[in-house]
Amino acid sequence: MSCSQLIDEPKNLIPKDKMSEIVAEFAMNDQLPTYVPGSNLENATRTTLKQRNIKSADFIESYKYYAATGDLEKILNNAQEIIVEKDPTAKDYIDKKLKENKNTPPLVK
């Protein structure tokens, strides 16, 4: 018997580096209500995808694929690095959350 994957590769698979960029932007968008009360996260998410010419279904299918293949953790770690590059002060916050939630995957903390 040959080995097979748990899930087929999506037709419009988003490359890992692009997925990391998108996830990083989603995480940064998540902070919008702190600085802009009443901001709409759903619109921010749509805008992020639209700017990159990505359909939400393609993002979801790519996310599922990477989760099933075990590549998601690397994508999330890369997203974390992108965030720290854009805002070095985020490193202290991330480190604090990592200590508080040792068993939680990156960017969920």
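**Legends: a six-helix chain in close-up**

**View 1. Whole chain.** Buried residues (under 20% relative accessible area, with a 1.4 Å probe and protein chains only) make up 28% of the 109 residues in the chain. The model is predicted: local features need pLDDT of at least 70 and side-chain atom pairs pLDDT 80 or more, whereas totals for chains, interfaces and linings use all residues. Residues are numbered from 1 along each chain as its sequence is written, and side-chain values use heavy atoms, without hydrogens or water. The chain holds 6 helices and 0 strands, in the order α-α-α-α-α-α along the sequence. Helices are DSSP runs of H or I with at least four residues, strands are runs of E with at least two, and both are numbered from the N terminus. About 7900 Å² of the chain is exposed, of which carbon and sulfur atoms supply 51%; the areas come from the Shrake-Rupley method with a 1.4 Å probe. Of the contacts (heavy atoms within 4.5 Å) between residues at least 6 apart in sequence, 70% join residues at least 24 apart.

**View 2. Packing of α1 on α3****.** Helix α1 (residues 16-29) packs against helix α3 (residues 41-51) at an angle of about 155°, with the axes 10 Å apart. Axes are lines fitted to C-alpha atoms, for helices over the stretch in contact, and angles between N-to-C directions run from 0 to 180 degrees. The angle therefore makes α1 roughly antiparallel (over 145 degrees) to α3. On the α1 side the contact is made by Ile22, Glu25, Phe26 and Asn29, and on the α3 side by Leu41, Ala44, Thr45, Thr48, Leu49 and Gln51. By class, the contact of α1 with α3 has 5 nonpolar, 4 polar and 1 charged residues. Nonpolar covers Ala, Val, Leu, Ile, Met, Phe, Trp, Tyr, Cys and Pro; charged covers Asp, Glu, Lys and Arg; the others, Gly among them, are polar.

**View 3. Packing of α5 on α6****.** The axes of α5 and helix α6 (residues 90-100) are 8 Å apart and the helices pack at an angle of about 140°. Gln80, Ile83 and Val84 of α5 meet Ala90, Lys91, Ile94 and Leu98 of α6. This contact of α5 with α6 has 5 nonpolar, 1 polar and 1 charged residues.

**View 4. Surroundings of Val84****.** Val84 lies in helix α5 (residues 72-86). Because its relative accessibility is 22%, Val84 counts as partly exposed (from 20% to 50%). Leaving out residues up to four places away in sequence, Val84 touches Lys91 and Ile94. The C-alpha atoms of Val84 and Ala24 are separated by 9.6 Å, with the two residues 60 apart along the chain.

Notes: Angles under 35 degrees count as roughly parallel, over 145 as roughly antiparallel, 65 to 115 as roughly perpendicular and the rest as oblique.
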